[in-house]
Amino acid sequence: MTVKAKAAVMMVAVTMMMIFMTTTNASEGRSLRHRQKRIMCSGGKTVPVRICVQTADGNWLHDRGTDSGVHVSLSGASCRTSSQELESPADDFEQGDYDCFSYNTQNVGTVLGITVQLLPYHDRWLLDSMVLRYNNVRTCLRFTQRVWFTDHISRKITDPKNVNCSDYRL
Ligand SMILES: *[C@@H]1O[C@H](CO)[C@@H](O)[C@H](O)[C@H]1NC(C)=O
């Protein structure tokens, strides 16, 4: 082999090694994220949840309400609950609505976040805030992040503030 040919073979080998290394790292990162997301809370005893959702105000020109299905999952320090659709016989999540739902779910301990997803996605939605009463405790959690949902991708809303449940129509 000529020097040029050797150099070319070397280049190809190095390039292939770099491609291999980057793809391996990327897939490791992906599977780690996937694992973290997938840890579901287990255990037989469930706890009651009351959640009230404020849809942002709007008007006919700037509709902030949605007809998509709204699904939530609560996260604690070590696990998350299975996903729950917030559903009632009424037309929920119209602009300016304050809609409340009750259900039972797995125990996550202290609630740190709520993952919200529109599924199936029909149209966009501007979430204004949420109030959560978890396991019948007197202190409620208020999530004040305003989030535009413009697709079916789930988003985790965090940093709740402790509030007096009596100050909210739960
Ligand atoms: C919560 O609000 C109610 C009604 O306003 C009040 O009676 C109660 O003392 C408050 N609780 C706390 C812990 O502040």
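In this predicted model, strand 5, spanning residues 113-118, is joined to strand 9 by four bridges, and the two strands run antiparallel. Within this pair, threonine 115 has lysine 156 of strand 9 as its bridge partner. Both strands belong to an open sheet of four strands, in the order 3-2-5-9, with antiparallel pairing. The edges of the sheet are formed by strand 3 (84-86) and strand 9 (155-158); each has a single partner strand, so one side of each is left without a neighbour in the sheet. On average, and with direction ignored, neighbouring strands of this sheet are turned by 35 degrees against each other. In general, the strands of a sheet pair through backbone hydrogen bonds, in either a parallel or an antiparallel sense.

Further antiparallel pairing involves strands 6, 7 and 10. Strand 6 is joined to strand 7 by three bridges, and these strands run antiparallel. Valine 131 has arginine 142, in strand 7, as its bridge partner. Strand 7 also pairs with strand 10 (residues 161-164), in the antiparallel sense and over four bridges. Arginine 142 appears in this pairing too, with lysine 161 of strand 10 as its bridge partner. Arginine 142 is thus bridged to valine 131 and to lysine 161.

The hairpin of strand 6 and strand 7 has four residues between the strands. Asparagine 135, in the loop between these strands, has a phi near 60 degrees, a positive value in a residue other than glycine. Asparagine 136 is found in the loop between strand 6 and strand 7 as well, and its phi is likewise positive, near 60 degrees. Asparagine 135 counts as partly exposed because it has 14 C-beta neighbours inside 10 Å. Asparagine 136 has 10 such neighbours inside 10 Å and therefore counts as exposed. The cut-off for exposed is 12 or fewer, and a residue is buried at 20 or more.

Another backbone feature is located in the loop between strand 5 and strand 6, where proline 120 lies. The peptide bond from leucine 119 to proline 120 is cis, with omega near -5 degrees.

The largest nonpolar core contains 22 residues, of which Ile51, Ile114, Trp125, Met130 and Leu132 touch the most other members. At least two residues of this core are supplied by each of strand 1 (46-55), strand 2 (70-75), strand 5, strand 6 (125-134) and strand 7 (139-143). Strand 6 provides the largest share, seven residues. Leaving aside residues up to four places away in sequence, isoleucine 51 touches Val72, Leu86, Phe101, Met130 and Leu132. Two of these contacts, Met130 and Leu132, are themselves among the core residues that touch the most other members.

Taken as a whole, the protein chain has one helix and 10 strands. The helix comes at the N-terminal end of the series of elements, and the strands follow it, in the order α-β-β-β-β-β-β-β-β-β-β. Of the 170 residues in the protein chain, 21% are buried. Among contacts with a separation of 6 or more, 71% are between residues 24 or more positions apart.

Key. Residues numbered from 1 in each chain as written. Predicted model: local features only at pLDDT ≥ 70, side-chain atom pairs only at ≥ 80, totals over all residues. Pairing = 2+ DSSP bridges. Axes fitted to C-alpha atoms, helices over the stretch in contact; angles between N-to-C directions. Core = buried A, V, L, I, M, F, W, Y, C linked by C-beta atoms within 7 Å. Contact = placed C-beta atoms within 7 Å.
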